[in-house]
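Here are some worked exercises on helix packing, strand pairing and ring pairs. Have the viewer open and try each task before you read its solution.

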Amino acid sequence: MKRKWWHDKIACQLYPKSYCDSNGDGIGDLQGIISKLDYLKSLGIDIVWLSPIYQSPFVDQGYDISDYYKIAPEFGTMEDFDELLAEAKKRDMYIVMDLVINHCSSRHRWFEEAVKNPEGPYGDYFYFRKGKDGKEPSNYRSYFGGSAWEPVKGRRDLYYYHMFAREQPDLNWYNPSVLRELYDMINWWLEKGVAGFRIDAIINIQKNLDFPDYPADGPDGLCALGTVIEHASGIGEMLEDLKRNTFEKYQAFTVGEVFNMREEELEEFVGEDGHFSSMFDFSQHLLTMGEHGWYEAKEFDFAAWRKAIFETQKKMEPIGFLSNIIENHDEPRGASTFLPLYVQNAAGIKMLGTIKMFLSGIPFLYQGQEIGMRNCRMQSIEEFDDINTKDQYRLALRMGLNEEEALEVCNRLSRDNARTPMQWSNEEHAGFTTGTPWLKVNPNYHEINVQAQEKEKDSVLNYYRKLTALRKSPDYKETFVYGHFIPAYEETENVIAYYRRDERNCILVLGNWGREEEEIRLPRTVRKVLLNNLPEYLAEGQKLTLLSGQALVLLLQG
Ligand code: GLC
């Protein structure tokens, strides 16, 4: 495999609005991020991905961009951004931006011009269609609920297409002028010195321009966009063209947010000369989301979770690098999702971190994961901000849940769980702001915060530092980055374990998700315990006892 600069890096996603507020307006900002670069460096982070910081009305928290060339004033100025780039560079760190190009904001100049004159040049930047038999042009349900078609104000029987919120009109990727605008913009940021992009919702750019109806899959008579995408084609050529005209020239690091792709396209997407450098592995997150909505969400199932990890890892081995996450800004906190109650504690969180850190692929942390931030319970639906949560709440009620049950579902799965402000200290508002935070701070900040964990030798934070240090240590880095991945102890019910090995090292990573201890026979003797999340180490010869919630990284005899 051709070596690339990003293969051995560790990344962290920041949600700027909730990271660190430097000016007391209750909203995180770029100066706040700059002030935390040393902290991120101390955590072993090389690549920092910023959720969108462009000018936006924030209907979908910045994923609705109204000017791709401007920094949202809430976050600072372009000078602040340039300073961030320079400060990152001084520390050998890379800044990765969020690239939201399936759609823009309805307040983008292009769209404002387009609705004024849908027949004019900007009309063709979007998808305007006539209604059908007095109804929307097709029966698609947007990702955020309701029809994906919105009537154009003041025009009879004319609609525009939006796969997400109505304030996020889809851009017409079949119009060469749109491509020129987007490619120019991407190159402009790359010229500026960003190292690459996380690419938002990108599978959606391919459309069947006839927008045919599909069988309804819900009582609303609509059909999910998943079905619509299954019937679209052409994504491969579109992504290749994008890459050739932008990323490739800069050796940019790109990581795609891709759902609903075809299995056989994996190589084409993230193989050696793939469309992207990498892609997120969401296989485990999809397990708990519920097929038609959060109201049907399933409980965490250890066996299914382990199977999903193993299958993806095995599938990827001959192909390339996926990016491994525990959580992100669209997911609830991993500590609250992927751990049974009896290990929802510091040990369990360290165990989860261990299992994810040494998989093959690129480890992506999410802000606050390194201190074990948990889901934040909201008392009523009004306390949530997220547009998706509000839709899922309404859907749950429609599907027969009562208010209490619907709220419960949202508390479990809301995207706001990961968006509550970063917990820096025990001070008011967790040290995130001196003003009023834009979203509730998790009241557990008195116990869970960076300041306290800095002082505590065995804190989750300091354990995370050990994880990243081990992953990067000169003796083992090569094995963790390029070594084989081999599942182990698959017949042991509550244990997840795997080998990373190459000619030099044989490393076994283990975690016990069970309530009871588990006894295991090692195939070889242990040369060194590289990491242990508990003080106990119970081994006699090749017999090893793993306590409940224990994680070990063992260097075995060759
Ligand atoms: C992606 C983002 C999500 C956003 C959506 C629409 O899934 O991660 O936060 O709502 O795209 O841009």
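**Exercise 1.** Work out which hand the crossing of α12 and α16 has, and what class of packing angle they make.

*Solution.* Keep in mind that you're looking at a predicted model.
- Start with the hand: α12 and α16 cross in a right-handed way.
- Next, find the helices, α12 at residues 346-357 and α16 at residues 460-472; their axes are 10 Å apart and the packing angle is about 20 degrees.
- Angles under 35 degrees count as roughly parallel, so α12 is roughly parallel to α16.
- Now pick out the contact: α12 brings Ala346, Ile349, Lys350, Gly353, Thr354 and Met357, while α16 brings Val460, Tyr463, Tyr464, Leu467, Thr468 and Arg471.
- Sort those residues by class and you get seven nonpolar, three polar and two charged.

**Exercise 2.** Helix α5 meets α7 and also α3; classify the angle in each case.

*Solution.* Take α7 to begin with.
- The axes of α5 (residues 176-192) and α7 (residues 235-245) come within 10 Å and cross at roughly 45 degrees.
- That angle makes α5 and α7 oblique to each other, and α5 passes α7 in a right-handed crossing.
- On the α5 side, the contact uses Leu179, Tyr183, Ile186 and Asn187; on the α7 side, Met238, Asp241, Leu242 and Asn245.
- The class tally for α5 with α7 is five nonpolar, two polar and one charged.

Now turn to α3.
- Helix α3 covers residues 78-90, and its axis comes within 11 Å of that of α5, crossing at roughly 55 degrees.
- So α3 and α5 are oblique to each other too.
- Met78, Phe81, Asp82 and Leu85 of α3 touch Trp188, Trp189 and Lys192 of α5.
- Here the split is five nonpolar, no polar and two charged.

**Exercise 3.** Find the strand order and the edge strands of the sheet that holds β22.

*Solution.* Go strand by strand.
- The order is β19-β22-β21, an open sheet of three strands with antiparallel pairing.
- β19 (518-521) and β21 (538-540) each pair on one side only, which makes them the edge strands.
- From one strand to the next, the twist averages 20 degrees.
- Zoom in on β19 and β22 (residues 543-546): four bridges join these antiparallel strands.
- For a handy landmark, look for Glu518 opposite Leu546 in β22.

**Exercise 4.** Do the same for the sheet that holds β9: what are its order and its edge strands?

*Solution.* Use the same steps.
- This open sheet of three strands runs β6-β9-β8, and its pairing is antiparallel.
- Its edges are β6 (128-130) and β8, each pairing on one side only.
- Ignoring direction, neighbouring strands are turned by 40 degrees against each other on average.
- Three bridges join β8 to β9, and Pro151 stands opposite Tyr159 in β9.

**Exercise 5.** Are the rings of Tyr143 and Phe164 stacked, tilted or edge-to-face?

*Solution.* Check distance, then angle.
- With centres within 6.5 Å as the cut-off, the count comes to 47 aromatic pairs.
- For Tyr143 and Phe164 the centres are 4.7 Å apart and the planes sit at 35 degrees, so this pair is tilted.
- Finally, place the residues: Tyr143 is in the loop between β7 (140-141) and β8 (149-151), Phe164 in the loop between β9 (158-161) and α5, and the two are 21 residues apart.

Terms used. Residues numbered from 1 in each chain as written. Predicted model: local features only at pLDDT ≥ 70, side-chain atom pairs only at ≥ 80, totals over all residues. Heavy atoms only, no water. Pairing = 2+ DSSP bridges. Axes fitted to C-alpha atoms, helices over the stretch in contact; angles between N-to-C directions. Parallel < 35°, antiparallel > 145°, perpendicular 65-115°, else oblique. Left-handed = near helix turned anticlockwise from the far one by under 90°. Contact = heavy atoms within 4.5 Å. Nonpolar A, V, L, I, M, F, W, Y, C, P; charged D, E, K, R; others polar. Phe/Tyr/Trp six-rings, centres within 6.5 Å; stacked < 30°, edge-to-face > 60°.
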